[in-house]
Amino acid sequence: MAKIGDTVRFLNSTGGGKITRIQDKVAYVEDEDGFETPILLKEVVVVMPAGLDKPASGFKKMFDQEAFDEGRREEPRQAAREMKPEPAPEPELPLEETAHGDKMNILLAFEPTDVKQLGKSAFGAVLVNDSNYFLDFTLLRRGDDERGWTLVYSGNVAPNELIDLVTLRHEILPGYEKIAFQCIAYKKDKTFTLQAPVSVSRKLDLTKFHKFHCFRPGVYFDNPVLEVPLVSDGVVSKPLEVNAAEIKESMAGMKPDKDMAAQLSKKYHVDSGHKRKEKSPASNPHAVLPLIEVDLHIGELTDSLVGMQPKDMLEMQLGCVRRHMKENSGRIGQKLVFIHGKGEGVLRKAVLELLRKEFPKSELQDASFREYGFGATLVTIH
């Protein structure tokens with residue numbers, strides 16, 4: 001079993017280095033450039049145990065090697081080394097910026113080690129920085145006692161790059177149901193538009209880690225992954241909220257102040273446990289209607305496929321489309337995204353035929369490729 005200080009190489013990929021720390025059967029391996037890579041202990045091979053990279057005190061050479069070394073002529077070799085010019089350092093390549101990169105797009109992707117056996121697979125968490133900014137960031141998870149947060153990873157990622165963060169196994173996934181991401185964006189050696197610090201929290205749907213259709217290739221990955229957007233075109237997906245219990249705990253021991261509650265309520269968003277009654281969209285014709293996303297994968301519509309034929313599944317999926325369209329028929333401007341997947345195109349074709357026949361006034365187009373690839377249709381109610 002590898003331990004801290006061992007020099008290792010990776011079993012299933014290129015690379016290696018020295019183990020700097022071990023946590024939850026995951027080794028953090030630092031290469032010669034100082035970059036640290038998390039990898040499962042069972043996927044490393046020890047090439048030099050800790051403490052053997054330098055000769056121990058009292059070590060004696062075999063076959064009287066010291067006497068042999070004294071008789072060798074070292075001067076010609078030394079002269080040759082002195083004459084050999086030092087290699088010139090490679091110039092740093094200029095960073096290439098993209099046309100859309102000044103609007104930050106940041107997401108987490110979970111890539112399974114074996115997408116065909118999700119129940120046994122581990123999942124590599126990857127951070128994608130689709131922007132023209134360097135990011136100093138931290139990834140956190142909710143504490144086991146639901147109080148406070150625990151640091152998972154902190155580091156820096158360059159513009160338009162991705163970075164491997166941590167490998168998760170099913171037994172530790174429940175501890176990552178609630179995650180938070182924070183970062184500061186900047187550019188080097190040039191002026192740039194100041195970006196607000198990002199602080200976003202997300203609750204992961206852990207059931208998706210067991211569903212094959214939730215993993216699919218996208219803009220950034222050729223392999224199937226589960227993507228969790230954090231910032232989309234500069235807009236934070238869900239701001240980080242401060243729980244009321246945390247504020248109360250932080251106030252313990254402080255001198256009571258009748259204005260303290262009012263000041264804190266202005267500074268923080270406090271979840272009181274009561275939801276505000278939303279106004280009907282019809283009461284404000286100029287209100288921006290929230291996008292409705294409908295996943296038509298059969299696993300999202302029913303818990304059991306026992307006894308169902310392909311035609312029964314298709315009818316259930318089309319019934320779901322018909323129901324959502326009728327429910328929103330009076331909401332002019334409402335946008336719905338029907339996620340049908342790419343597959344062989346049977347469901348997509350059937351959905352488009354239904355919409356054109358029964359809802360001819362609605363506007364149809366392919367949904368955002370960045371968000372859904374080729375597997376979704378956007379409908380606008382008219």
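A pocket is defined here, on a 1 Å grid over the protein atoms alone, as an open set of points where a 1.4 Å probe fits, with protein on both sides within 12 Å along at least five of seven lines; its lining residues have an atom within 4 Å of a point. The model is predicted, so local features need pLDDT of at least 70 and side-chain atom pairs count only at pLDDT 80 or more, whereas totals for chains, interfaces and linings use all residues. Residues are numbered from 1 along each chain as its sequence is written, and side-chain values use heavy atoms, without hydrogens and water.

The lining of the largest pocket comprises 42 residues, and Arg216, Glu227, Pro229, Glu293 and Glu371 lie nearest the pocket centre. Strand β13 (226–232) contributes six residues, the most of any element (helices, H or I, of at least four residues and strands, E, of at least two, are DSSP runs numbered from the N terminus). Other elements giving two or more residues include β6 (105–112), β12 (198–203) and α8 (369–372). By class, 22 lining residues are nonpolar, eight polar and 12 charged (Ala, Val, Leu, Ile, Met, Phe, Trp, Tyr, Cys and Pro count as nonpolar, Asp, Glu, Lys and Arg as charged, and the others, Gly among them, as polar).

The largest nonpolar core (buried Ala, Val, Leu, Ile, Met, Phe, Trp, Tyr and Cys residues joined through side-chain atoms within 4.5 Å; buried means under 20% relative accessible area with a 1.4 Å probe, protein chains only) has 40 residues. Phe181 is among the members that touch the most others. Apart from this core lies another, of 16 residues, including Val294 and Met325.

Definitions and conventions. Buried means under 20% relative accessible area, exposed over 50%, partly exposed in between (1.4 Å probe, protein chains only).
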